[in-house]
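Me: Hi! I have a model open here and would like to talk it through with you before I set anything up. Could you walk me round it?

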Amino acid sequence: MSSHPSEGSGTNDTTTGGHASQTRSRRAKVWEFFEQELIEVDGVLKAVCKYCRLQMVSGKSGTNSLRNHIVEHCPQITEEDRQRFIATLKKEPSEGSFVFDPQRTRELLVKWCIHAEVPFNKFDDPYFPPLMESMQPTLKVVGRQTLRNDCVGAYERAAQELRVELQNLDSRICFTSDLWTSNQKLGYLCLTAHYIDSNFVLHKKIIAFRDVKYPHTGLAIEEALTKCLKEWGIHRKMFTITLDNASNNKAACDLLQENGKADLLFGGEHLLVRCCAHILNILVQDGIGIAHKAIEKIRDLIRHIYSSPGRIQAFNEIAGRAGLAEKAGLILDVPNWWNSTHAMIVQAIEYKAVLTRYATAQNQPLPTDEEWSDAKAIGEYLGAFEEATRAFSADRTPTSHLFLYNLLCVHQALADTEWQVNQVLKNLASAMVNKFDKYWDGNYNIALVIASLLDPTKKMDFLEFFYEEVCKDFDSYDKSLESAKTWFTNYFEKYEELVRSRSNEHPWSRASAARSVGSPVLGKRKVQEQFAKFRSMRRGSNAEKSELDAYLEEKHVREDENFEILSWWKTNSNKYPVLSAMARDFLAIPVSTVSSESAFSCGGRILCDSRSSLTPKAVEALVCMKDWLYQYPNNEVKNRPDYCCERRGGHFDVLKGADSSTFDQFLLN
C-alpha cells in the first residue's frame, strides 16, 4: 500500500460542471466520512475529510484514494468508525447460488416464535402468508396448531438432548424451586438445574414448569420434585436445593432428605439452602415498617400524580421550570419489594422541590421537613444493602463463594452506629438486627462456608476473619472455625474417594489385559509401578503434603475486577484434581431462587389474557425452551462466568407502577 497521499484521485460521483456538482447527491459509503460539498482550491475541486479536514483531489479514478484514506491513513477517525466503514467493504464469499431449505426455515420460525414469545394466533393473521410468500413463494405457511405442535416437538427433542447431558455429568447438580399461581388459577412449580460442566462453565437450565394440584403441602411439593428428578434420571445427582423460607418448602426438603439419604452426600445434611435474597428482603422490610410514615406520604403523593395524564403533565410542567428532566411517570414502588421502595425514595428526594410545589398547587398532603429528612436518611441507609442484593440475586455467575463476604457487609452495616444519625434510623437498624439474628446468627449452611474456602482469593484467612467479626465470644469463634475445618476435610476425603473411583474406570490393567503376556509395554509399566512403590517407601514419614494442605498453604491469589474463579479452577484442575471437583459442585450452589422466579415472569407473559387457554404442557414447553435458547452476549462462551443474562436478578430494572416482574413475583410469594 502506498504512503499517505497528500492529494488523491477524486471520485466518479461528481461531474466537472463547476459548482453545480458540489450539491450532487453521492451514494458511495465513503461520502459518509467526507463532506458532501466539494471545495474549489486553485480551480481544482477537492473533497474534505470530516475528521482530519484533509483536502483530497476529485479526479477520474473513483473513490479509491478516499477509501484508502479512511481505512489506513486518517489520524483522527475513531477506531469504531474505521471498522464500521471497513465492514461495508467486505463482501460475503459466493459459493454458488442460494438454495432455499424449507425445513431450516420452519425450524428457525419455531425458535423465533418461542424466543420472541409470539402468540400462536398471530400466524392466522391474513397478512402473514402474503408476507412470507413475498420473500419465498415456495414456502408453505403453516397454521397456528401446526406451529404449536412444532414448538412442543422441538422442546421434546431438546429435552432429550439435555437429559443425556445431565445424566452423563461427572458432577452433582444444584437446584432451585418455587411455586407460582397463573392467571388460570393453576399452581405451577418451577425446577431449575444449576451445574458446572467439565470445562468449568456454569449452566442454568429450567427443567420443569408444571402444574401442581392444590393444596401445596410439603408432601405435594416433595412428590412433584421427586417425580421431575426421576423423569430426568438425575435424582441420584442432587447436591443442594435452594428454597424460600415458607414452611411447606422446609417440610418438602425434609422429606427429600429422608427419602434420598442413600443418594445424597452425608445423608443430605446440607441439602437445604435458604434463599438469601428472600431473607434480606424480610430483614429490610421489617426495618422499613418502622419508618413507614414518611415513606407512605411520598407513596401517596406519587400515586396521586399517576392517577391521570393531566396530573403527570402538571408535574412535568413544574419539573421543566425547575430545570429537571420530565418524567413519563415517577417510580411507584411495590411495597413488598424493598429495592423499588429504595429507588422511589431516591428519586423523590431528587424531585423534592417539584413534589412540594405540586402538592401545594393540588392541595395534597405533603411530608414535613423532618419526614423528608428521615426519608433521605433511610434511602442512603438502604443503599448499603443494594450490592448484597445484587450479589445474592445473580443467576448465571457463581454466587456461593460470595455469601460470607456479603453477609459480613450486611452485618457491619447494621452494627455501624455512624449510620444511625437519628431515632428513626436507630429503630430501623434495631428491627433489622432482630431479623438478622433470627436467620443468620451463626446459622449458615456449611456448604456455603466451604464455597468461601474454595475461593483462592480468600481461603482460611478470610474465614478466620469472618468468624472473628461475627462471633460474640471466643468459644463460639473456636467452635465455628473447628466445625468448618472438620466439614471441609470430610468433604475433601469424600471427593477424594470419588475422584479415585473415576480414575480407576480407565486403569492400565484394562488396556494391558488385551495384550500378550510378553508385551514390552506391559514390562515398562511394571517397572514404573515398582519404581513408584520404591519411591513411596523411601519417603516414609517425609511424604508430600496433601492436596488440601498444599492449597490452603499456597499464597492467596490477588483479587481484581478481571478475576474469574471458574477460569482459575479450570487452569489449576490438574494441580488440584480433588478440590477442582469440589469446586464444580460447591460453586454451582445458587444462594437465591431468582433463577426460578424469572421463569414466572416469562410464564406470566406467555400466559397473558389472550393466551390463557394454553395447556400446562404447552406452557412448560415454551418456558423451558425460551430458557434453553438463551445466548450469551457475543456468544463468548469462554467468558460466560462474567456475563449475567441481562443481569436478571443482578440488576433489576425498577418498575414504574405496580407491574408484575421477576422480583415482584419473587417477593410476593
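What follows is a chat about this predicted model, going from the whole chain to single residues.

Me: Let's start broad. How many helices and strands does the protein chain have?
Reply: There are 27 helices and 8 strands in the protein chain.

Me: And what share of its residues counts as buried?
Reply: Of the 669 residues, 48% count as buried. The accessible surface of the protein chain is about 34,300 Å², and carbon and sulfur atoms hold 49% of that.

Me: What about contacts with a separation of 6 or more: what part comes from residues 24 or more positions apart?
Reply: Those pairs account for 71% of the contacts in that group.

Me: Good to know. Which residues have the most contacts inside the largest nonpolar core?
Reply: That core has 104 residues, and the ones with the most contacts inside it are Phe403, Trp440, Tyr467, Trp569, Leu579, Met582 and Phe586. A second core, separate from that one, has 65 residues, with Phe128, Ala159, Leu189 and Cys624 among them.

Me: Let me click on Met582. What is Met582 in contact with, leaving aside its neighbours within four places in sequence?
Reply: Its partners are Ile450, Leu454, Phe488, Tyr491, Phe492 and Tyr495.

Me: Switching to strands now. What is the order of the open sheet of 3 strands?
Reply: The order is β1-β2-β3, and the pairing is antiparallel. β1 (39-41) and β3 (55-57) are the edge strands, each pairing on one side only. From one strand to the next, the twist averages 50°.

Me: How many bridges join β1 to β2?
Reply: There are 3 bridges between β1 and β2, which covers residues 44-48. Val41 has Val44 as its bridge partner, and Glu40 has Leu45. In the hairpin of these two strands, 2 residues sit between them, and Asp42 has a positive phi near 55°.

Me: And on the β3 side, how many bridges are there from β2?
Reply: Again you'll find 3 bridges, with β2 and β3 running antiparallel. Val48 stands opposite Gln55 there. This hairpin has 6 residues between the strands, and Arg53 takes a positive phi near 65°.

Me: Is β2 mostly covered or mostly open?
Reply: Mostly covered: 4 of the 5 residues in β2 are buried.

Me: Okay, helices. What span should α6 have, and how far apart are its end C-alpha atoms?
Reply: Helix α6 runs over residues 218-232, so at 1.5 Å a residue its 15 residues should span 21 Å. The end C-alpha atoms are 21 Å apart, which agrees with that.

Me: Which residues of α6 are buried?
Reply: They are Gly218, Ala220, Ile221, Glu222, Ala224, Leu225, Cys228, Leu229 and Trp232. Gly233 follows α6 and has a positive phi near 70°.

Me: And just before that helix, where is the cis peptide bond?
Reply: The cis bond goes from Tyr214 to Pro215, with omega near -5°. Pro215 is in the loop between β6 (202-211) and α6.

Me: I'd also like to check the backbone for oddities. Which residue other than glycine has a positive phi near 60°?
Reply: Phe200 has that value. You'll find Phe200 in the loop between β5 (187-196) and β6. With a relative accessible area of 7%, Phe200 is buried.

Me: What is phi for Lys459?
Reply: Lys459 has a positive phi of about 55°, although it is not a glycine. Lys459 is in helix α18, residues 459-470.

Me: Is that lysine buried or exposed?
Reply: Buried: Lys459 has 2% relative accessibility, and the cut-off for buried is under 20%.

Me: Last one, Arg611. Where does Arg611 lie?
Reply: Arg611 lies in the loop between α25 (594-606) and α26 (616-628). Arg611 counts as buried too, at 6% relative accessibility.

Me: Who does Arg611 touch, apart from neighbours within four places in sequence?
Reply: Arg611 is in contact with Glu117, Val118, Pro119, Phe120, Ile606 and Leu622.

Me: How far apart are Arg611 and Phe120 in sequence and in space?
Reply: They are 491 residues apart in sequence, and their C-alpha atoms are 8.6 Å apart in space.

Methods. Residues numbered from 1 in each chain as written. Predicted model: local features only at pLDDT ≥ 70, side-chain atom pairs only at ≥ 80, totals over all residues. Heavy atoms only, no water. Core = buried A, V, L, I, M, F, W, Y, C linked by side-chain atoms within 4.5 Å. Buried < 20%, exposed > 50% of the residue type's maximum accessible area, 1.4 Å probe, protein only. Contact = heavy atoms within 4.5 Å. Expected span 1.5 Å × (residues − 1). Pairing = 2+ DSSP bridges. Axes fitted to C-alpha atoms, helices over the stretch in contact; angles between N-to-C directions. Areas by Shrake-Rupley, 256 points an atom, 1.4 Å probe, with all protein chains shown as cover.
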